[in-house]
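Biologist: Could you pick one part of this model and take me through it closely? I'd like one connected story, not a list.

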Amino acid sequence: MGARLIATRPPDGGTAAPGAAVVAVLELESAWSPEDVRMWLDEDEVTERCAIRTDRGWPPRRADVVLAEVEEGEHVARLRWSGEDEASWRFSVGDPN
């Protein structure tokens, strides 16, 4: 339905360095709309804090949904990019050791 999730940074089960952004990468189809994107972090909607960056082509073929300033600790992110398409992943921010 307009897009599919192809990657997350950090990946499911991964760790991000403090200060790193959380990114969900969508491969786009022509029917995609940025207004359909919603993101939650630990059950709190954070869509307003996200930046959506697309490639320079027209129509764009890729979009990065970027959430900066995530606090250290363990998190669950959930991304919905159309009425029914969504995914979630677990990750940590901070020292992996």
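Modeller: Sure, and one yardstick before we zoom in: a residue is buried when its relative accessible area is under 20%, exposed when over 50%, and partly exposed in between. Keep in mind that this is a predicted model.

Let's start with I6, which lies in strand β1. Its relative accessible area is 41%, so I6 falls in the partly exposed class. If we skip its neighbours within four places in sequence, I6 is in contact with V25 and E27. R38, by comparison, is 32 residues away in sequence, and the two C-alpha atoms are 16 Å apart in space.

Now zoom out to the sheet. Four strands make an open, antiparallel sheet in the order β1-β3-β7-β6. The edges are β1 (3–9) and β6 (50–54); each has a single partner strand, so one side of each has no neighbour in the sheet. From one strand to the next, the twist averages 20°. In the middle, β3 and β7 run antiparallel and are joined by six bridges. One of the pairs there is V22 with L67 in β7.

From here the trail leads inward. The largest nonpolar core has 22 residues, and L26, M39, V65, L67, L79, W89 and F91 have the most contacts inside it. At least two core residues come from each of β3 (22–28), β4 (38–41), β7 (62–67), β8 (73–80) and β9. The top contributor is β3, with four residues. L26 is a nice one to click on: beyond the residues up to four places away in sequence, L26 touches A3, R4, L5, W32, V37, R61, R62, A63, V65, L79 and W81.

R62, one of those L26 contacts, takes us to the charged side chains. R62 and D64 meet in a salt bridge, at 3.2 Å from N to O. The two ends sit in unlike surroundings: R62 is partly exposed at 37%, whereas D64 counts as buried at 16%. The model has five salt bridges in total.

Two more of these belong to the story of the other sheet. That sheet is open and has five strands with mixed pairing, in the order β2-β9-β8-β4-β5. Its edges are β2 (14–16) and β5 (44–45), each with a single partner strand, so one side of each is left without a neighbour there. At the β2 end, β2 pairs with β9 (residues 86–93) in the parallel sense over three bridges, with A16 standing opposite V93 in β9.

E45 forms a salt bridge with R38, with the closest N and O atoms 3.8 Å apart. The cut-off is 4 Å, so this pair makes the list. Both partners are partly exposed: E45 has a relative accessible area of 46%, and R38 has 33%.

Last stop is E86, partly exposed at 37%. Its side chain meets that of R78 in a salt bridge, 3.5 Å from N to O. Through shared salt-bridge partners, R78, R80 and E86 are joined into one network.

Conventions: Residues numbered from 1 in each chain as written. Predicted model: local features only at pLDDT ≥ 70, side-chain atom pairs only at ≥ 80, totals over all residues. Heavy atoms only, no water. Buried < 20%, exposed > 50% of the residue type's maximum accessible area, 1.4 Å probe, protein only. Pairing = 2+ DSSP bridges. Core = buried A, V, L, I, M, F, W, Y, C linked by side-chain atoms within 4.5 Å. Contact = heavy atoms within 4.5 Å. Axes fitted to C-alpha atoms, helices over the stretch in contact; angles between N-to-C directions.
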